[in-house]
Each structure stands twice: as structure tokens, then as C-alpha cells.
Amino acid sequence: MKAQIALIALTFFGGNAMAKLPPLSDDAKAKAAEAAAKAAWGDKVAGYQLCQAQDRIAAAYLQKVQAAGKSLQPASTPPCTDPGPFSYVPPESKPIEAAGAHSPTPTAATPPSTMQPAASAAKP
């Protein structure tokens, strides 16, 4: 019985604790973006190494088949592309003024509501 009560209490209070986490800071967002870019680059490197290994295995198999006196035409595959060294350039961040956050609101030319129906206002 005590275990059930503890589980119910943990369910209620655990959800509230998760809901009150503060938003990430700009530095944390930048580090997360860089980590994601580095992980994507790592995937490209792994794909390049896999491609090279497959090419070596295919060449060895082709050599073995030709030594046995059989003729085999290898399938054409795209060449392996080297992703190069890791380089990360963070995206340019706009200043708040360039984003339009401090722009003044436009002055209203007409009242927000009229007695005229919208269908008749649209007719010339």
C-alpha cells in the first residue's frame, strides 16, 4: 500500500518538476547546434569509411572470381566522397532591431469594426 501511495505521489510531483525547467540559454543552444553538426559530420565520415571498406571487399571478390576463370561485370556505383575535416560556422544572428522587434506599431487608418458587412465592403 505504501508503495502505491509513493508511486502516485511521484507521478504527480514528478510531472510538475519537469514542467518548470527554464528555457535554454543562447550559449547552450549554440553548443547543442555545434554538437548536432559534429554528429552529422561523424555520420558522413562513418559512411565514407563504410564505402571504402565495401570497395575493398568488392575488389578482392572480383579478383578472386577472375582468378577462378569466371567473367564478372561489376556494378557501377558512385565514388566514395570524403567529407573532409570538421568545420562549424555558427549561423549569423540578427540583432533584435533588424528582426523588427522594436518597430513602432502602425497608426490605424480606419476603426477596427464597422456596421457595414464584409461582403458589401468588398464590392466596388
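Does Cys51 count as buried or exposed, and at what relative accessibility — or, put more simply, which of these words fits Cys51? In this predicted model, Cys51 counts as buried because its relative accessibility is 18%, and the cut-off for a buried residue is under 20%. This cysteine is a handy starting point for a tour of the structure.The overall fold is a good place to pause. The secondary structure of the protein amounts to 3 helices and 0 strands, and from the N terminus on the elements follow the order α-α-α. Of the 124 residues in the protein, buried residues make up 3%. The accessible surface comes to about 11,400 Å², and carbon and sulfur atoms account for 63% of this area.

Helix α2 covers residues 26–67, a run of 42 residues. From its first C-alpha to its last, helix α2 reaches 62 Å, close to the 62 Å expected at 1.5 Å a residue. An α-helix has 3.6 residues a turn, so residues three or four places apart point the same way. Within α2, the residues Val45, Cys51, Leu62 and Val65 are buried. Just after this helix comes Gly69, with a positive phi of about 95°.

Cys51 also takes part in a disulfide. The count for the model is 1 disulfide, formed by Cys51 and Cys80 with their sulfur atoms 1.9 Å apart. The pair links distant parts of the chain, 29 residues apart: Cys51 sits in helix α2, and Cys80 in the loop between α2 and α3 (118–122). The disulfide is left-handed, because the torsion about its S-S bond is about -80°. The partner cysteine, Cys80, counts as partly exposed because its relative accessibility is 22%.

Other residues of helix α2 can be paired with residues further along the chain. Val45, in helix α2, is buried, with a relative accessible area of 19%. Val45 and Pro85 are 40 residues apart in sequence, and their C-alpha atoms are 9.2 Å apart in space. Gly42 belongs to helix α2 as well; with a relative accessible area of 29%, Gly42 is partly exposed. Between the C-alpha atoms of Gly42 and Phe86 there are 8.6 Å, although these residues are 44 residues apart along the chain.

The tour ends with the pockets. Rolling a probe the size of a water molecule over the atoms shows where empty space is left. The largest pocket holds about 300 Å³ of space. Cys51 appears again here, as one of the residues that line the largest pocket, together with others including Gln54, Asp55, Tyr61, Leu62, Leu72 and Pro74. The lining of this pocket divides into 9 nonpolar, 2 polar and 1 charged residues. The second largest pocket has a volume of about 180 Å³. Its lining is made of Asp26, Ala30, Ala33, Tyr88, Pro90, Pro91 and Ser93, which divide into 5 nonpolar, 1 polar and 1 charged.

Note on methods
Residues are numbered from 1 along each chain as its sequence is written. This is a predicted model: local features need pLDDT of at least 70, side-chain atom pairs count only at pLDDT 80 or more; totals for chains, interfaces and linings use all residues. Side-chain values use heavy atoms; hydrogens and water are left out. Helices (H or I, at least four residues) and strands (E, at least two) are DSSP runs, numbered from the N terminus. Buried means under 20% relative accessible area, exposed over 50%, partly exposed in between (1.4 Å probe, protein chains only). Accessible areas come from the Shrake-Rupley method with a 1.4 Å probe; for residues, only the protein chains shown count as cover. The expected span of a helix is 1.5 Å times one less than its number of residues. On a 1 Å grid over the protein atoms alone, a cavity is a set of points where a 1.4 Å probe fits but cannot get out, and a pocket is an open set with protein on both sides within 12 Å along at least five of seven lines; lining residues have an atom within 4 Å of a point. Grid points are joined across faces, edges and corners, and a volume is the space filled by probe spheres set on the points. Ala, Val, Leu, Ile, Met, Phe, Trp, Tyr, Cys and Pro count as nonpolar, Asp, Glu, Lys and Arg as charged, and the others, Gly among them, as polar. A disulfide is a pair of cysteine sulfur atoms within 2.5 Å.
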